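I opened this notebook to keep a record of what I looked up in one protein structure, step by step. Each entry takes up one topic and notes what I found there.

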Amino acid sequence: MVPFPRLHFFMVGYAPLTSRGSQQHRALTVPELTQQCFDAKNMMCVADPRHGRYLTCAVLFRGRMLSKDVDEQMLNVVHKEKKE
């Protein structure tokens with residue numbers, strides 16, 4: 001249960017959002033995946049994440065990548081949200 005009545009909407013994003021047959025296997029970088037995660041086109045609802053505020057966020061990465069790169073990109077997202 002969420003203690004705040006106006007803060008109970010979950011927004012699910014998915015990246016990369018491609019069909020299996022439309023694209024050959026290609027390696028995406030951590031910045032590309034992070035940008036796609038927070039893109040309005042990849043949300044599973046009709047909402048733009050750039051126009052709201054986050055209480056928390058969970059992003060799961062799979063595959064071979066450095067945790068340092070993931071940490072840097074998540075910090076970039078946090079700092080970009082604070083500037084706007």
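The entries below go from the whole chain to single residues.

**Entry 1: the whole chain.** I noted before anything else that this is a predicted model. I then looked up the secondary structure and found that the protein chain has two helices and zero strands. Of the 84 residues in the chain, 13% count as buried. The accessible surface comes to about 7800 Å², and carbon and sulfur atoms account for 57% of that surface. I also looked at the contacts with a separation of 6 or more, and 59% of them are between residues 24 or more positions apart.

**Entry 2: helix H1.** Which residues of H1 are buried? I found Val30, Leu33, Thr34 and Cys37. Viewed down the axis of H1, these buried residues fall within an arc of 100°, so they line one face of the helix. I reminded myself that an α-helix has 3.6 residues a turn, so residues three or four places apart point the same way.

**Entry 3: Thr34.** I picked out Thr34, which lies in helix H1, and asked whether this residue is buried or exposed. Thr34 has a relative accessible area of 3%, and because buried means under 20%, Thr34 counts as buried. When I set aside its neighbours within four places in sequence, I found Thr34 in contact with Phe61, Gln73, Met74 and Val77.

**Entry 4: cysteines.** I looked up two cysteines, and noted that Cys37 is buried, with a relative accessible area of 18%, whereas Cys45 is partly exposed at 30%. How many disulfides are there? The count comes to zero disulfides. For my own reference, a disulfide is a covalent bond between the sulfur atoms of two cysteines.

**Entry 5: Lys41 and its salt bridge.** I then moved to the loop between H1 and helix H2 (67-83), where Lys41 lies. Lys41 is exposed, with a relative accessible area of 68%. I found that Lys41 forms a salt bridge with Asp39, and that the closest N and O atoms are 3.8 Å apart. Asp39 has a relative accessibility of 25% and counts as partly exposed. The count for the structure comes to one salt bridge. I also checked the distance from Lys41 to Tyr14, and although their positions lie 27 residues apart along the chain as a separation, their C-alpha atoms are separated by 9.5 Å.

**Entry 6: Tyr14 and a surface patch.** I followed Tyr14 further and placed it in the segment before helix H1 (30-37). Tyr14 is partly exposed, with a relative accessible area of 47%. Together with Val12 and Met44, Tyr14 forms a nonpolar patch on the surface, and the three have about 330 Å² of accessible area together.

**Entry 7: Met11.** My last look was at Met11, which also has its place in the segment before H1. Met11 is partly exposed, with a relative accessible area of 38%. Which residues does Met11 touch, not counting residues up to four places away in sequence? I listed Met43, Cys45, Ala47, Asp48 and Pro49. I also noted that Met11 and Val46 are 35 residues apart along the chain, while their C-alpha atoms are separated by 9.2 Å.

Methods: Residues are numbered from 1 along each chain as its sequence is written. This is a predicted model: local features need pLDDT of at least 70, side-chain atom pairs count only at pLDDT 80 or more; totals for chains, interfaces and linings use all residues. Side-chain values use heavy atoms; hydrogens and water are left out. Patches are made of residues with over 30% relative accessible area and no salt bridge: like charges are joined within 9 Å, nonpolar side chains (Val, Leu, Ile, Met, Phe, Trp, Tyr) within 5 Å. Accessible areas come from the Shrake-Rupley method with a 1.4 Å probe; for residues, only the protein chains shown count as cover. A salt bridge is a side-chain nitrogen of Lys or Arg within 4 Å of a carboxyl oxygen of Asp or Glu. Helices (H or I, at least four residues) and strands (E, at least two) are DSSP runs, numbered from the N terminus. Buried means under 20% relative accessible area, exposed over 50%, partly exposed in between (1.4 Å probe, protein chains only). Contact means heavy atoms within 4.5 Å. The arc is that of the directions from the helix axis to the C-beta atoms. A disulfide is a pair of cysteine sulfur atoms within 2.5 Å.
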